[in-house]
Every structure is written in C-alpha cells, then in structure tokens.
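I opened this one at the bench with a coffee and a few things to look up. Here are my notes, in the order I took them.

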Amino acid sequence: SQVIQLKSRPEGMPTNDNFDQAELTLAAIKSGEFLVKNLWMSVDPYMRGRMIDRKSYIAPFELGKALEGGAIGEVIESLNPDFPVGSKVNSMLGWRSHFITDGTEITRLPDTPLCESHFLGVLGMPGMTAWTGLNRIAELKAGETLFVSAASGAVGSVVTQIGKLMGARVIASVGSDEKVEYLNKLGIDAVINYKTCGDLDAALGEAAPEGLDVYFENVGGEHLSAALNHMKDHGRIAVCGMIAQYNDTAPTPGPSNLAQIIIKKLKIEGFIVFEHWDHYGEFAAQMGQWLTAGKIHAEQTIYEGLSQAPDAFIGLFEGKNRGKMVVKLG
Ligand code: NDP
C-alpha cells in the first residue's frame, strides 16, 4: 500500500516538506477480513488541528504514521461475507491506496446513481455539517437573512443553497471573483469578495441593510467582527469553524466588538457535527431528495493521485477549491 505520512508538524502554513510517501507491505487477508482499494479520499480543514500535538476533540496524528481521513473504496479481496468483492465502502482510512480491515467502523455505501465521491461531500460530513448548523444550531427560519463565510466551500456551498431552500435571504463571502460568479449562478442573493471589497464591514452593511438574523461562521477574525456589527437583536451565530486561524503561530487577538453580544442579546453556539450523527438518516433522506430534484448543486474540486493529496490539503488554506476538495486515487 502507498501511504502519505506526517513527516513533521507544520508551523504556520503546511508545506509539502511536512509529508512523505512510503510503501507498506500488506499481509494476506485472514478469515473475516477484506482488502480495500481506495477510490477517493477527503482532505478537510479539521486535519490541520490534528497535526498539532495537543488534546482536542479528536486525537493528534502521529509522526511517521499514515494520516487518516474520510475515504471511499472498493473491496477487491474478501473473506468477510458482509463485504463481498465489489462492495463500495466508506472509512476513515484515507491517505493510503489500500488497507485490510475486519469491517470495524467501515460502512457500505447505499446504491446511488450519484458519483460515490459525494459521500465525502454533499451527502457526507460537510453536507451534514451545513444541515446541522442551520437546522439544529441556528434554527434558521423562512424570511430571515443569513450570512455565510467561506461560502463556496464544501460546507459553505451547501449552507448557502439549503439557506435558499429554507426561504432565507442569503449573503455570502468568498475569496475570488470566480467564486462570486459561481454563487451568483446558484441564485445567492448577495456575494462579497472579501479580498477585494476593501472594507468587509461596510460591504456587509451594504449587502444586508436590514441586518442579519443568522451568521454561519466558518472563518473567524475579521468576518466574525463584521458579522457582530450587523447582527439584529436576538440574532444567532452557529460557530462551525475559524479557518483563518488554523495556521496561526501566535494567538490572534479576538474581535474588539464582542460587547455587541450583550447589546444585541445574541446567541452564539459552537458545534461538532459528529455529536449530531444520530440525525444523519434524516439529513440524508432530505439531501437525497434535493439532489434528485436538482435543487442542490453538488460541486467538487478534484486532484488526481495520492501524491497530490498534500497539495489538495494545503490548497484548502489557499482557497484553491470550489465545493468539496477531494483526491481521486487509483
Ligand atoms: P472549504 O471547502 O470551505 O475549504 C476551505 C475554504 O476556506 C477555502 O476554499 C477558502 O475559500 C476559505 N479560506 C481559507 N483560508 C481562509 C482565510 N484565511 N480567510 C477566509 N477564508 C479562508 O472547507 P470545509 O467546507 O470543509 O470547512 C469549512 C469550515 O467548516 C472550516 O472552518 C472547517 O473547520 C469547518 N468545519 C467544521 C465542522 C464541525 O463539525 N464544526 C465540520 C466540517 C467543517 P475562499 O477562497 O473563499 O477564501
């Protein structure tokens, strides 16, 4: 099996030098086991946190060992009747070409006409994150105004589209004109390019003169500060991520306008999608309907080959992706 290992812990922006590729010899499969060839793997911003040696909601990656993450594969040899040859499976054993397992924590994919890579994106963890944040954390309602940051990414592009389907007016922030155009085409009401708008706070005020009922936070820093200034009384903020800080080497000062939380009586709630996984069935049924009806556009950016995985991962912090960033293997 070809694997990508963590060679050194990144300081600041990760580079290719933090990774290396190695070949591991796999044993023959034993009774109850099967061999999986990975077809797709996911790279996600949370993996940056696992590269730091610290206690968090998920254990850090170990140096000199294969990285881990969501992956979709196909069973190519099997001594396990529950996973016959040809089955497509979802695992957390990405960053490698092949693996042997007894099926623990491996799920079979349902039959679907969609490309199976969408189980890493719109039908998987990022899609579920978008749905959870809007329905279970922010409790978005029809007629409300929603602001979304990192709005063309895996989570953000689904948040903006579900927001429209829920009857909200949706304002989005993205880092390039091409991404602005993409969200305009999806019918998002107002899209700001935070890199070229000059003053994000002013641009947000112009886009949402009525104020914001809900902010779906993916970025932190200046985005949070601007959102706080434009929230309505009793507005809600679903804190999903703060990607602008993941590569910081020193603590970043917080927004200077946190008193807005008091003045506007805001409700701010962080969440981790895995704690809501008992609702995955409900989400998947709804998302399946939306996808079949063509109501959600499932965008992805595809890098090819295991050796491109570090570049795909680093690309998340450079805004290289539109929709879900995935790596096609094999
Ligand atoms: P994305 O597909 O959105 O990829 C990351 C995007 O973030 C980039 O394309 C880039 O877009 C934007 N970005 C990167 N750096 C910055 C920066 N310094 N300032 C502003 N924008 C930046 O990733 P995901 O959809 O997978 O994740 C989005 C957020 O959701 C992350 O914060 C992630 O940690 C969080 N998350 C949280 C989960 C939870 O359970 N709480 C689960 C899954 C994700 P652009 O060109 O627009 O800058």
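**Entry 1: the two domains**

How many residues of domain 1 are in contact with domain 2, and how many of domain 2 with domain 1? I worked on a predicted model, and I found 16 residues of domain 1 in contact with 16 residues of domain 2. On the domain 1 side, helix H1 (46–50) and strand S15 (324–328) each supply at least two of the touching residues. I sorted that side by class and got five nonpolar, six polar and five charged residues.

For the bounds, I noted domain 1 as 2–118 + 298–328 and domain 2 as 125–274. Their C-alpha centres lie 29 Å apart.

**Entry 2: confidence**

I checked the scores before going further. The chain averages a pLDDT of 97, and 100% of the residues score at least 70. The model has an ipTM of 0.99 and a pTM of 0.97.

**Entry 3: the record**

I looked up the UniProt entry, which is unreviewed; it lists residues 12–327 as "domain: Enoyl reductase (ER)". Over residues 12–327 I read 26% helix and 23% strand, with the end C-alpha atoms 23 Å apart.

**Entry 4: around the ligand**

Next I went to the ligand, which 29 residues surround. The closest are Gly153, Val155, Gly175, Gly241 and Gly319. Helix H2 (125–137) and helix H3 (154–165) are the elements that give two or more residues to this shell. H3 has the largest share, with three residues. By class, I noted 17 nonpolar, 10 polar and two charged residues in the shell.

Why does the ligand lie between the domains? Domain 1 and domain 2 both give residues to the shell around the ligand, so the ligand lies between them.

**Entry 5: a look at H2**

Since H2 came up at the ligand, I asked myself: is H2 mostly covered or mostly open? H2 is mostly covered, with 11 of its 13 residues buried. The buried ones run through Met125, Pro126, Gly127, Met128, Thr129, Ala130, Trp131, Thr132, Gly133 and Leu134, and Ile137 is buried too.

What covers them? I listed H3 and S15 again, along with strand S11 (212–217), strand S12 (231–239), strand S13 (267–270) and helix H8 (280–292), among the covering elements. So that I can find the spot again, I marked Glu139 just after H2, which takes a positive phi of about 50°.

Methods: Residues numbered from 1 in each chain as written. Predicted model: local features only at pLDDT ≥ 70, side-chain atom pairs only at ≥ 80, totals over all residues. Near = placed C-beta within 6 Å. Helix = DSSP H or I, 4+ residues; strand = E, 2+ residues; numbered from the N terminus. Nonpolar A, V, L, I, M, F, W, Y, C, P; charged D, E, K, R; others polar. Domains from an automatic or database assignment. UniProt positions renumbered as here; feature names shortened; annotations may be inferred. pLDDT = per-residue confidence, 0-100. Contact = placed C-beta atoms within 7 Å. Buried ≥ 20, exposed ≤ 12 C-beta atoms within 10 Å, placed from the backbone.
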